[in-house]
Amino acid sequence: MKKKFIAVSVLICALALGSTTLTSCVDDNESASVTAIRDAKANQLNALAKLSEEQANAVKIQAEADVAIKNAKAAYQQALAEAEQMKTDIAKATLETDIATAKAEAEAALNSQLAALESSKLELINVIGSLENAQQQKASELITYMDNLMNEIHSLNNELITKKFLKVEAEYELSNKEIAKAKEEKINQTTIAENEALIAEYEKYSQEDLTKAKEAALAAEVEAKGLGTQLNDLDQKYLSAQNAANAAYNKLSETPFMANVMSTYRNTDATPDDVEYTIDFGDGTIAKATKVYDEKWQIDTDAVQGLNDQIAYQEKEVAKAELKVKEAEKALADKKATQAYKDAVAAVDAAQKAYDEATTSADKENAWNTLQNAKNALEAITVVEEDNVEQATNDKEYAEEWLADLQETQTYVNDTKAYDEYVKLYDEYVKLRDAEEEAQIAYLKVEHNWNIKNTLATNLSNVANNMTDYAELINDCNEKINNAKQNDVALEAIETQEELIAYYDSQIKFITSKIEVKNKLYAQYEAALTQVFDGQTPEVPETPEEGGEETPAE
């Protein structure tokens, strides 16, 4: 039968009550050793409670990220509702900035949380020294399990944040669909390569030789530290290259060609073909990748053939709109010339005079009501005609703007210099896009080795301490490989923006379920550690297996 766990907060309260001095005829003075034991327990439970509180902050960070996404979407919809048609691009750019800012803030919050977790973990380690040897060893083992889970949960939360914001980008088409797919495929391919390399490493060792596992773990830790410095440098170079390529492409939208030729008369047939290539990690593993370029626009010669006819049609629409305005204005003038309207104006004047001359509060109130009724009656007489004038005027302005856009398009369709300028800037973007891809490849190669060394440092140490075995580690690698392959199959089938959004939804669901499983497991270890502090024999999960997970593609 399982023992019931006592919550950390309850234990702390109980200890606090236990320290209260009571007056009685019985001598209840306790020895210094008893006091020390009790205080040590309180410190242990306080340290565990603090760690638990920091661990729970990830839920708050995810909730804040969700609110930031919701607010950014709402601001975009409001901007669209208030903006003229010509300003929708500005609203979309603002949304893109808001999303990027919210993502950066969420990632920074998760990194701060990880730092706080590390600090709380060290405090917890410092207070277990007062335990008996056997209890201290068990507490140390449990803290190691919890530490591994903390890092896994942190990594999953970062991944979840990324997928949430990628989904928003897909929903509002802030990014190129094909580029987004290529990025996801690259993630899957590097995941496969990394886990294949890990399996090859695990197969080098025997479960019977734990000393060798410990030695290999220490060596991997040293190598990881060296690679970490190199990785940070390459990360900055990749980020700079990425920003340069993005800035170059965004600059294209400001060219006269893009600013003045309506999208109806452009197409993207000139976009360079995708470039498929292979990343060789030098350890027997590879990753297939695709370099995708952002769209390159050109004049749609078929659509342009009908441009003159469209301009002629729009000139007729403007003429019709002008006549409708005149007709609406005449109808309004005719209504204002009626005796009913004149009588209503006179009624308002009389009510205003009565209000101005009222000398008591009661008369003032009555006069005010009469004045409002008179004004409402006056407005009701011409409300239809006023609305018609406003609508006709808006329609005329829209028709004129559309005609101006068509005429401007015609001007720039025939302006070869404007397109030559666009092509020149696009060619500059291509060079920067190529440099971005090269910078990413350099980063991914070192990241591959760094991830492997970090993983080996942790997992081989766990093997050496009998906390896991190679069969379990290999099984975990195979599961990740299978998931990545399933994701690739799902990505290959994506043809529409809606399907890309659905893919991100499935990823979010999958990662969320993994976090929930890890959090439940973490809570079990935390409860077991509480039992150790209380002098009980802890009930520890036999293995940290998740069991029965669905692949994200499912």
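**View 1. Helices and strands across the whole protein.** This predicted model contains 14 helices and 4 strands. Of the 554 residues in the protein, 38% are buried. Take the contacts between residues at least 6 apart in sequence: 83% of them join residues at least 24 apart. The close-ups that follow visit some of these places one by one.

**View 2. The hairpin of β2 and β3.** Strand β2 covers residues 275-280 and strand β3 covers residues 286-291; the two run antiparallel and are joined by 6 bridges. To find one of these pairings, start at Y277 and look across to its bridge partner in β3, A289. Between the strands lie 5 residues, and in this hairpin G282 takes a positive phi near 80°.

**View 3. I441 beside the hairpin.** I441 belongs to helix α12. Is I441 buried or exposed? Its relative accessibility is 13%, so I441 counts as buried. Leaving aside residues up to four places away in sequence, I441 touches Y277 and I279. A289 also appears in this view: its C-alpha atom is 9.8 Å from that of I441, although 152 residues separate the two along the chain.

**View 4. Aromatic pairs, with Y238 and Y443 in focus.** The protein has 13 aromatic pairs. In one of them, the ring centres of Y238 and Y443 are 6.2 Å apart and the planes meet at 20°, so the pair is stacked: the angle is under 30 degrees. This pair links distant parts of the chain, with Y238 in helix α6 (residues 210-252) and Y443 in helix α12 (residues 416-464), 205 residues apart. Y238 is buried, at a relative accessible area of 12%, and Y443 is buried too, at 15%.

**View 5. Y503 and Y504, and a cluster of rings.** How are the rings of Y503 and Y504 arranged? Their centres lie 5.9 Å apart and their planes are at 65°, so this pair is edge-to-face. Y503 and Y504 are both buried. Elsewhere, ring pairs connect Y249, F257, Y419, Y422, Y426 and Y429 into a cluster.

**View 6. Charges over rings.** Two places to look for a charged side chain over an aromatic ring are shown here. R266 lies over the face of W297, 4.6 Å from the ring centre. At the other place, K364 has its charged end over the ring of Y355, at 4.4 Å from the centre.

**View 7. Helix α13 and its cover.** Helix α13 runs through residues 470-492. Its 23 residues should span 33 Å at 1.5 Å a residue, and the end C-alpha atoms are indeed 33 Å apart, so the two values agree. At the N-terminal end, D469 acts as a cap, with a side-chain oxygen 3.2 Å from the backbone nitrogen of A471. Buried residues of α13 include Y470, L473, C477, I481 and L491. Among the elements covering the buried residues of this helix are α5, α6, α12 and α14.

**View 8. Helix α5.** Helix α5 occupies residues 177-202. From first C-alpha to last, its 26 residues reach 38 Å, close to the 38 Å expected at 1.5 Å a residue. How many residues of α5 are buried? The count is 20 of 26, and the helix is mostly covered. Finally, look at the start of α5, where a side-chain oxygen of N176 comes within 2.8 Å of the backbone nitrogen of E178.

Notes:
Residues numbered from 1 in each chain as written. Predicted model: local features only at pLDDT ≥ 70, side-chain atom pairs only at ≥ 80, totals over all residues. Heavy atoms only, no water. Pairing = 2+ DSSP bridges. Phe/Tyr/Trp six-rings, centres within 6.5 Å; stacked < 30°, edge-to-face > 60°. Buried < 20%, exposed > 50% of the residue type's maximum accessible area, 1.4 Å probe, protein only. Lys NZ or Arg CZ within 6 Å of the ring centre and 35° of its normal. Expected span 1.5 Å × (residues − 1). Contact = heavy atoms within 4.5 Å. Polar contact = N/O pair within 3.5 Å; in protein donor to acceptor, adjacent residues only side chain to side chain.
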